Amino acid sequence: MELSEELLARPLAAVREACAEVAASAHHVAIDSSALTRYASEIPVGELGASPTNFPALGGDVEALAAYTLCLDAINFGSGWFPELAKRPGHSGYRTIEASLRERFERVGAFTARELRGIDARAVAKLLGQTPSAAPIAELLELFATALRDLGELVATRTRGSFAGFVEEAGGSAAALVRSLLAMPLYRDVAVHDGITVPFLKRAQITVSDLAHALPESLGRFRDLSELTIFADNLVPHVLRLDGVLRFEPALVARIEAGDLLASGSPEEVEIRACAVDAVEQITAMLRARNAPVHARDLDDWLWRRGAGPAHKARPRHRTRCPYY
C-alpha cells in the first residue's frame, strides 16, 4: 500500500486518531467503559516498565544488539501460522523464533547486511528449526526470508551496512525511525475500514520500543517514545476481551473459538485491533490523570506478559495470516 504524506508526517498520531475513529463506530467490537474504568484502577503501576523481549548476551556490542533487535522485529509476525509451527518444548511460537535467533547471535555472531540480502527460506528454516517444505509454514518462511532480505537491503543502502548507524540516523526520534522502517513493504501495516485509512504500524513501533530497551541511552533514547501506541496484535486484544474491557459480538467469539482465520483487513480484524489501541489510550489517560508516569508502551508490555499466563493461553485468540503480527 502507498502511504500518504500526512501519515508519514505524523505516523504515531495517525495510528491513535484512526483507531479512535474506528472504535467510535465499530460494529463487531466495543469498549466497555465501566469495565475500562475499573480495570485502570486495578493495574499494578509499579510492575510496568520491564521488557518482555529476551536480548542476547553480546558483551555490550552495540552494533550486534542493534542488528539482533532489527532482525528479530523483522520477523516478529506469523501468529496466524503459529499453531502449525514446530515449537521448542515449553516455548510459544514467538519464543521459539526469539530463542533461535538469540542463540545464533550468541554462538556465531551478528548477521551482516550482506548476509541478510542473500538469505532464503531454506536458510531461515534451518535458523528456526523448521521443515522448509511443510505447508503452510513454507509460506511463512518465505515471508520471513523476504523481510530479512528487505532489512539487509535497507541497512546496506542507507547506512553502509551499519545497524547501529540505521538507528542513529533517526536522530533520537521514534517517529523518524518508524518512517525509515516503512520503506520496507512488509512493515506497511495499514488497513481501510468504512473508508477510513487505519494505520497500526505494529512492527515499526515495537522495533523502536525494543531498541530503546536493548541499547544504551546514547543510541536508544527516543525523545518521543511516549507517543508510541500499543503494538496491536492478537494477544493484547485477547487479554482485554477476557478481562472484560473489550466486548466482541457473539458470532465473532464463536468464529475465534472455532479456530476460523480472520482475513487481514476484514472489518472484524480491524475493529479488534483498533478498539484495543483506543482502550489502552483511554486507560493511559486515566492513569496519567492520577499522576502515574505511564505510557501505552508500558501497558502493552504488561498486557503481553499477562497474556502468556495459563488463564489467557487456555482460550483461543483470533488468528490472522499476515506479515504484521
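User: Buried means under 20% relative accessible area, exposed over 50% and partly exposed in between (1.4 Å probe, protein chains only). Is Asp189 buried or exposed?

Analyst: This is a predicted model, in which local features need pLDDT of at least 70, side-chain atom pairs count only at pLDDT 80 or more, and totals for chains, interfaces and linings use all residues. Residues are numbered from 1 along each chain as its sequence is written, and side-chain values use heavy atoms, leaving out hydrogens and water. The relative accessible area of Asp189 is 3%, so this residue is buried.

User: Which residue forms a salt bridge with Asp189 at 2.7 Å?

Analyst: A salt bridge is a side-chain nitrogen of Lys or Arg within 4 Å of a carboxyl oxygen of Asp or Glu. Asp189 lies in the loop between helix H10 (174-181) and strand E2 (190-193), and its partner sits 84 residues away in helix H15; helices (H or I, at least four residues) and strands (E, at least two) are DSSP runs, numbered from the N terminus. The partner has 2% relative accessibility and therefore counts as buried. At 2.7 Å, N to O, the side chain that meets Asp189 is that of Arg273.

User: What separates Glu269 and Arg273 along helix H15?

Analyst: The side chains of Glu269 and Arg273 also meet in a salt bridge, at 3.8 Å, and both residues are buried. Because they stand four residues apart in helix H15, their separation is about one helical turn.

User: Which residue is linked with Arg16 and Glu281 in a network of salt bridges?

Analyst: Arg16, in helix H2 (residues 11-25), pairs with a residue 211 positions away, in the loop between helix H12 (217-220) and helix H13 (235-242). That partner is partly exposed, with a relative accessible area of 37%. The residue linked with Arg16 and Glu281 is Glu227.
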